Structures are given as C-alpha cells and as structure tokens.
Amino acid sequence: MGVPDRAQAEQLDRDDALARWRDAFVIDRPERLYLDGNSLGRLPRATVARLRQVVEEEWGGGLVGSWNRWIDWARQGGDLLSTAVVGGAAGEAVIADSTTVNLYKALVAALDARPGRRAVVTDDANFPSDRYVVQGLADSRGLDVRWLPPDPTVDDVGAAVDTDVALVTLSHVAFTSGALLDLAGITRVAHAAGALVVWDLSHSAGVVPVDLSAAEVDLAVGCTYKYLNGGPGSPAFAYVGSHLVDELRQPIWGWFGRRDQFEMGARYDAAPGIDRWLVGTPPVLALAAAIEGIGVTASAGVGPIRSKSVRLVALLEELADAWLAPLGFEQRTPRGAPARGSHLALAHPEAWRLCRVLNEQYDVVADFRPPDVVRLGLAPLYTRFVDVWDAAERIRAAAEARAWERVPHDRPRVT
C-alpha cells in the first residue's frame, strides 16, 4: 500500500465524527496549519461570548455583587474537569493557580504525609518546572532525588522505589518525546513501596483517557491552556483523591482555603475537602475562559477525541516515514498508539531554524524543543486530516529547499 494521497485525507475528514467541532473555534486563517495545540489551544467561540458577558454584564453591571456567582467557580470547574476529563469524582479537583504552584502544593503535602522518608523519584526528561520544584524541595529539606531515564517504565520505577521513597512524580505524557507512561502500573508499584504519586497531566488532559479513580491516583496537576483550550496563562487544576483529600495539608494557607472564609478569622482553619487546596482570590476572567474550554472537551468526549488523535498521529507518522525520514528527520516519539500521546517529535539538526521558517514562510505553526526537536501537536477538535497531509508536504518542501538557510542562527525562544 502506498503513501496516502490528499484525496484520502479529505475522505477521512468527511467521515470524521468530530468534524463539526472545528466550527466551535475561531479559525481566521484556515490556510495556516496550526500544529501547536499542545502548547496553546485555539480560542473557542463560546469563550468570546462568555467573556463578553462576564465583563459587560457581571463585572460592568453587577460589580461586586457578581461575586455571589463567581465565588464557587473554582470548585465547579474542578468538578467538571474531574468527572468528564480525568476520571475522578466531584469534590476531588479545583481550578486554581498555575501548574507549578499546584505541583509545589502537592509535593509538599505528599512529603509531609511521609515523614522520615528521604527520597523523591522523578525523571531526567520531566518538564523543567517540575524538575526545578523537585530540586528546590530536595535542597531545602536535604532530600535525595533519584533520577530515572527519560520516559520511564513500570520496571524503571519499581527498581527505584523502596521504603525510603516518599513520592514519585512524573508526567503522564512526556512534553518532548510524547511518550505515554503507564499511569496505573507506575502508581501501583509506587504504592507497593508505600510512596505517594503526583502526576502531571498537562499533555494528556483532554486528549488521552485518564481514569484517576480506577488507578487510585493520589494527586495530579495540569494546565488548561493546551488541549483544554482555556486560553494563554489560564489557571491550572489540582486533583486530590478522595482517600487523601481530608488528610493532606497543602502548604500555602490563603483565605480562599479557610473554613468560613468571610468570617475573616484570626487563625487559619482549613476548609473541608478540596476547598483547602485553594489559596487566594481567583482570576475570574481567566477562570471563566478555562471553564468554557473544559466544557467543549467535556461535550465532545475524551473517548472520541482520543480515537481521532490516534488516527491523526498515525497519518503524520506514515507521511514522516515516507517523506521526511529520507531528508534527515528522526522520529523521537514511541511508535504505536498505546505508547504515545497526541504529538510527534521529529529530530533534525536544523530544528530551530526550520521551525522558524515553517512559521514565517510556509504557514505551518510547529514548535521547537531543545536541542533538536520539531514538535507537531495534533488537537483533534479542530485539526483536520488534510491539515496533517498539507503540513507534512510543506515540511518536506522546506527541507528539500534547505529553507532554514534563509534565517539566521539566533537564540531560540520556546513556549
């Protein structure tokens, strides 16, 4: 069987059960092929209308009285995300703060729940901010960090954990390679050693099925601006399993996490349940946008999204093998749907300059990851099969023309 032609990609789009969702997003230049939804999702049309309502009616008209409707949004958004996106229950998640802040809260709470244990397990290729938070806590507490190789397996984790390990923290989908880790298996072997597990779901929430309850996951964090389309800098989420939500104490004691917060009590008294993971006043406009984005994913369903994601990535992989591998590209993403998320990492010696020229001259928006990866993210709610075909063809044309030679060597700025 030969390489799929464009007509076959067009037929896949005609048969696509999710095709109607593309119209739910603002796409002002259809000819611009956006393969960076794994960094920043597109703007849902519903978000435009919702923000206008919040700004003009609720803020402009309702003024401070609108806090009566805003006050519970962090928990309401968390319930929607938990039940419809990550396989949790109501009362196990809130939308608040940034991923890094939520990770800090989760790691400190987990460490405090395992006193006397002096080691933390993570991997060399975890997202930089995750590694930095681990390093900072290890430095301040005199802990040992056990570094796993990139994209660790259940066996890798099993070999690293023992009765001195307090927690394991990993990303469900690796931000560079796109490798999909065995969340349930890793959680199980960590628990067998008495360790808690903190997962970063930033590259899986909304595009890969996650069942935190079934896996008995302790804690999880993640952002809402990638596949959940919450907008640039939208607040993140924090998940705490119901078996721990009333036991753990997160370290940042702010007034939104206090019981009966409007009593303005002299001393902190943690709110019951997941509310204790809140800290300060939420960013209402950003929170409204995040909830709208989560709602689109919840309505479409993570199962159908994953099904299309698998087919999109498989098509891109097939085209990359046929057209790009002979031009010096090397696939860094594991092969086979069970082993990967929704982006493909292609290594090339001129990856940085190639990403620039693709964006500036070929209307293909990809992103660069050091030292040599062109990362192509496929967001199924608005990415078409023909977009994948056209993008691969344009990348091939750019590589054949050595188009990177048109741009200077400069310092990359990555998102």
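**Close-up views of a predicted model**

**Figure 1. Packing of helices H1 and H12 in the predicted model.** The axes of H1 and H12 approach to within 7 Å and cross at roughly 155°. The two helices are therefore roughly antiparallel to each other, since angles over 145 degrees fall in that class. On the H1 side, the residues involved are Arg6, Ala9, Glu10, Leu12 and Asp13, which meet Phe385, Val386, Trp389 and Asp390 of H12.

**Figure 2. Helix H12 and its surroundings.** Helix H12 comprises 16 residues (385-400). From its first C-alpha to its last it reaches 23 Å, close to the 22 Å expected at 1.5 Å a residue. Its buried residues are Phe385, Val386, Asp387, Val388, Trp389, Asp390, Ala391, Ala392, Ile395, Ala398 and Ala399. The cover over these buried residues includes helix H1 (6-14), helix H10 and helix H11 (351-361). Strands also contribute to this cover, among them E1 (33-34), E11 (364-365) and E13 (373-377). H12 is followed by Arg402, which has a positive phi near 50°.

**Figure 3. Helix H11 within its enclosure.** Eight of the 11 residues of H11 are buried, so this helix is largely enclosed by the rest of the structure. The buried residues are Ala351, Trp352, Arg353, Leu354, Cys355, Arg356, Val357 and Leu358. They pack against strand E11, strand E12 (367-369), strand E13 and helix H12. Just after H11, Asp363 adopts a positive phi of about 55°.

**Figure 4. The cis peptide bond between Pro370 and Pro371.** Most peptide bonds are trans. Here, the bond joining Pro370 and Pro371 is cis, with omega about 5°. Pro371 is located in the loop between E12 and E13.

**Figure 5. Packing of helices H4 and H9.** Helix H4 (residues 73-84) and helix H9 (residues 284-300) pack with their axes 10 Å apart and at an angle of about 20°. This angle makes H4 roughly parallel to H9, as angles under 35 degrees are classed in that way. The crossing of the pair is left-handed. From H4, the contact is made by Trp73, Ala74, Gly77, Leu80, Leu81 and Ala84. From H9, the contributing residues are Val284, Leu287, Ala288, Ile291, Ile294, Gly295 and Ala298.

**Figure 6. Environment of Glu317 in helix H10.** Glu317 belongs to helix H10, which spans residues 302-324. With a relative accessible area of 11%, Glu317 is buried, because the class covers values under 20%. Its side chain makes a polar contact of 3.1 Å with the side chain of Arg335. Beyond its neighbours within four places in sequence, Glu317 is in contact with Gln331, Arg335, Arg340 and Leu344.

**Figure 7. Environment of His172 after strand E5.** His172 is situated in the loop between strand E5 (165-171) and helix H8 (183-192). Its relative accessibility is 5%, and His172 therefore counts as buried. A polar contact of 3.0 Å links the side chain of His172 to the side chain of Ser204. Apart from its neighbours within four places in sequence, the contacts of His172 include Ala179, Leu180, Leu181 and Leu183. Trp199, Asp200, Leu201, Ser204, Val208, Pro209 and Val210 are also among these contacts. The C-alpha atoms of His172 and Asp182 are 7.6 Å apart, with the two residues separated by 10 residues in sequence.

**Figure 8. Environment of Leu201 in the loop between E6 and E7.** The loop that holds Leu201 connects strand E6 (196-200) and strand E7 (219-222). Leu201 has a relative accessibility of 0% and counts as buried. Setting aside neighbours within four places in sequence, Leu201 is in contact with Val86, His172, Leu183, Val210, Leu212, Ala220, Val221, Gly222 and Phe237. Pro251 is 50 residues from Leu201 in sequence, and their C-alpha atoms lie 21 Å apart.

**Figure 9. Positive phi values at Glu216 and Asp260.** Most residues other than glycine have a negative phi. Glu216, which is not a glycine, has a positive phi near 55°. Glu216 is placed in the loop between E6 and E7 and is exposed, with a relative accessible area of 53%. Asp260, likewise not a glycine, has a positive phi of about 50°. Asp260 is found in the loop between strand E8 (237-240) and H9. At 47% relative accessibility, Asp260 counts as partly exposed.

Note on methods. Residues are numbered from 1 along each chain as its sequence is written. This is a predicted model: local features need pLDDT of at least 70, side-chain atom pairs count only at pLDDT 80 or more; totals for chains, interfaces and linings use all residues. Side-chain values use heavy atoms; hydrogens and water are left out. Helices (H or I, at least four residues) and strands (E, at least two) are DSSP runs, numbered from the N terminus. Buried means under 20% relative accessible area, exposed over 50%, partly exposed in between (1.4 Å probe, protein chains only). A polar contact is a pair of N or O atoms within 3.5 Å; within protein, one must be able to donate a hydrogen and the other to accept it, and residues adjacent in sequence count only if both atoms are side-chain atoms. Contact means heavy atoms within 4.5 Å. The expected span of a helix is 1.5 Å times one less than its number of residues. Axes are lines fitted to C-alpha atoms, for helices over the stretch in contact, and angles run from 0 to 180 degrees between N-to-C directions. Angles under 35 degrees count as roughly parallel, over 145 as roughly antiparallel, 65 to 115 as roughly perpendicular and the rest as oblique. A crossing is left-handed if the near helix is turned anticlockwise from the far one by less than a right angle, and right-handed if clockwise.
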